[in-house]
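Visitor: I have a protein model open and would like to learn how to read it. Could you take me through a few features, one at a time?

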Amino acid sequence: MQTIYGQRAFTTARQCRAFRQRSGPALVVRATAAAAPSAANSSKKPSFPFVKIQGQEEMKLALLLNVVDPNIGGVLIMGDRGTGKSVAVRALVDLLPLIDVVEGDPFNSSPTDPKLMGPDVLDRWRRGEKLPMTQMRTPLVELPLGATEDRICGTIDIEKALTQGVKAYEPGLLAKANRGILYVDEVNLLDDGLVDVVLDSSASGLNTVEREGVSIVHPAKFIMIGSGNPAEGELRPQLLDRFGMSVNVATLQDTKQRTQMVLDRIAYETDPDAFAASCRPEQDKLTDRLQAARDRLKQVKISNELQIIISDICSRLDVDGLRGDIVINRAAKALVAYEGRNEVKLDDIERVISSCLNHRLRKDPLDPIDNGTKVKVLFKRLTDPEVQRREAEAQKAKEEAAKKAKEGGAAAGAGRPAGAKAGSWSGLGVPSRR
């Protein structure tokens with residue numbers, strides 16, 4: 001960093017202070033990159049519409065459920081390149097409604113909820129000040145692979161330290177992502193320590209910063225979404241467990257869906273604005289559905305019997321901790337709210353349980369069955385009467401076959417002389433010699 005003072009450039013604060021003492025007050029600014037064009041002067045290219053993404057139903061459902069209930073804990077999307085992971089995440093933001101924020105606040109503070117207010121706004125609210133309110137789009141913050149912990153969490157404001165001699169906090173990416181979405185592409189390539197910091201904030205909804213004498217706690221309530229290619233490496237189990245849901249995506253194999261996706265993508269690249277406008281009615285309909293689901297979520301009930309089934313399955317699968325149980329309950333209720341109902345059924349649990357547990361099971365590289373299939377098989381064994389009947393019949397047939405084999409062995413042994421061992425020669429049928 002360089003500090004520009006008048007026509008002179010300094011590389012250290014000591015040089016700058018010495019020159020100021022000799023020359024008197026003047027404008028001090030921090031050298032930065034060229035300013036980005038303002039929103040008024042640049043038109044933002046619209047995202048590819050979410051409703052036009054073909055296939056990938058499990059991924060789309062997981063994203064929508066996290067919008068309905070952000071407390072689910074986010075989504076981890078793993079799959080080959082070119083399967084629409086980043087496209088789906090960026091398209092999701094267009095479905096979210098505008099949010100009310102305090103004007104000019106770097107933490108996207110809510111003007112009414114003190115739990116979602118930054119430190120300065122919270123002090124003003126407690127003093128009874130009237131907070132200026134405005135609206136903004138739900139923020140989407142993308143975390144680059146080269147980001148440092150200071151850039152993510154925030155650090156001391158060097159400009160104010162040099163110009164005003166005060167310690168001030170400069171918000172990081174977690175502050176910008178408050179009340180929005182934090183997206184980490186190639187999350188499996190990001191340093192584990194940084195992933196852990198981000199997931200801690202996602203789980204607690206707070207970011208605590210201790211930097212060079214600056215101590216601050218600010219809200220960091222966001223939906224954490226990570227994506228990556230499993231061929232480039234896996235996350236540690238401790239980090240995998242922190243994501244609420246996990247889905248695996250593959251390249252579309254259905255010819256009709258694949259062709260339609262290609263045609264839509266070509267139309268979008270030809271004229272993004274016109275293509276997005278043609279999808280606006282469908283997008284608005286889905287946005288209204290999500291808002292209605294959010295409003296209905298508190299009314300959704302789940303019976304004690306279904307909660308027992310959930311905990312029983314997690315226990316039988318040897319899932320560490322209780323996060324799996326909690327996430328399944330939340331995801332099932334969010335699904336019911338999304339579909340406009342008020343009571344969770346067994347089928348609802350079946351639709352979400354694999355996404356909630358497949359990344360929490362211990363992996364055996366020699367096991368040909370993937371974790372998602374294991375979860376589905378166990379669920380069927382415990383809840384499907386037809387599967388239970390077939391298993392009971394198979395067990396009964398096995399016991400009868402073992403019983404017959406035992407009886408046959410006993411009958412064969414009855415013809416042997418007393419004390420003779422099984423399989424020994426008894427001498428029967430051999431003429432005796434005189």
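**Reading a helix, a pocket and some loops**

Guide: Let's start with one helix, α14, which has 16 residues and reaches 22 Å from its first C-alpha to its last, close to the 22 Å expected at 1.5 Å a residue. Keep in mind that this is a predicted model.

Visitor: How many of the 16 residues of α14 are buried?

Guide: A residue counts as buried when its relative accessible area is under 20%. In α14, 12 of the 16 residues meet that mark, so the helix is largely enclosed by the rest of the structure. Gly324, Asp325, Val327 and Ile328 are among them, and so are Leu335, Val336, Ala337 and Tyr338.

Visitor: What do the buried residues of α14 pack against?

Guide: Here is a general idea to hold on to: an α-helix has 3.6 residues a turn, so residues three or four places apart point the same way. In this model, the buried residues of α14 pack against four other helices, α2, α12, α13 (304-316) and α15 (346-357), and against the strand β14 (245-249). Just after α14 comes Gly340, with a positive phi of about 80°.

Visitor: How does α14 sit within the whole protein?

Guide: The secondary structure of the protein comes to 17 helices and 14 strands, and α14 is one of those helices. Of the 434 residues, 40% count as buried. Sequence distance is worth a look too: among contacts with a separation of 6 or more, 72% are between residues 24 or more positions apart. As for the outside, the protein exposes about 24900 Å², and carbon and sulfur atoms supply 52% of that area.

Visitor: How much space lies in the largest pocket?

Guide: The general idea is a simple one: rolling a probe the size of a water molecule over the atoms shows where empty space is left. In this structure, about 1500 Å³ of space lies in the largest pocket. Its lining is made up of 49 residues, and Val68, Asp69, Pro70, Asn71 and Lys221 lie nearest the centre.

Visitor: Which element gives the most to the lining of the largest pocket?

Guide: That is our helix α14, with 6 residues. Other elements that each supply at least two include α2 (57-68), β5 (99-102), α8 (192-204), β13 (223-228) and α12 (280-296). Sorted by class, the lining has 20 nonpolar, 14 polar and 15 charged residues.

Visitor: Where is Leu297, and what does Leu297 touch?

Guide: Leu297 belongs to the loop between α12 and α13. It is buried, with a relative accessible area of 15%. Leaving aside residues up to four places away in sequence, Leu297 touches Val68, Asp69, Lys333, Ala334 and Ala337. You met Val68 and Asp69 around the centre of the largest pocket, while Ala334 and Ala337 are buried residues of α14. Leu297 and Val336 are 39 residues apart in sequence, and their C-alpha atoms are 8.2 Å apart in space.

Visitor: Is Phe107 buried or exposed?

Guide: At 5% relative accessibility, Phe107 counts as buried. Phe107 lies in the loop between β5 and α4. Beyond residues up to four places away in sequence, its contacts include Tyr169, Pro171, Ala175, Ile216 and His218. Take Ala175: it is 68 residues from Phe107 in sequence, yet the two C-alpha atoms are 5.0 Å apart.

Visitor: What can phi tell me about Asn108 and Asp318?

Guide: Most residues other than glycine have a negative phi. Asn108 has a positive value, near 55°, and Asp318 has one near 60°. Asn108 lies in the loop between β5 and α4, whereas Asp318 is found in the loop between α13 and α14. Asn108 is buried, at 8% relative accessibility, but Asp318 is partly exposed, at 46%.

Visitor: May we finish with Phe275: which helix is Phe275 in, and which residues does Phe275 touch?

Guide: Phe275 lies in helix α11 (residues 272-278), and it is buried, with a relative accessible area of 10%. Apart from residues up to four places away in sequence, Phe275 touches Phe48, Pro49, Lys52, Asp264, Ala267 and Tyr268. Its C-alpha is separated by 9.5 Å from that of Arg265, 10 residues away along the chain.

Conventions:
Residues are numbered from 1 along each chain as its sequence is written. This is a predicted model: local features need pLDDT of at least 70, side-chain atom pairs count only at pLDDT 80 or more; totals for chains, interfaces and linings use all residues. Side-chain values use heavy atoms; hydrogens and water are left out. On a 1 Å grid over the protein atoms alone, a cavity is a set of points where a 1.4 Å probe fits but cannot get out, and a pocket is an open set with protein on both sides within 12 Å along at least five of seven lines; lining residues have an atom within 4 Å of a point. Grid points are joined across faces, edges and corners, and a volume is the space filled by probe spheres set on the points. Ala, Val, Leu, Ile, Met, Phe, Trp, Tyr, Cys and Pro count as nonpolar, Asp, Glu, Lys and Arg as charged, and the others, Gly among them, as polar. Buried means under 20% relative accessible area, exposed over 50%, partly exposed in between (1.4 Å probe, protein chains only). Contact means heavy atoms within 4.5 Å. Accessible areas come from the Shrake-Rupley method with a 1.4 Å probe; for residues, only the protein chains shown count as cover. The expected span of a helix is 1.5 Å times one less than its number of residues.
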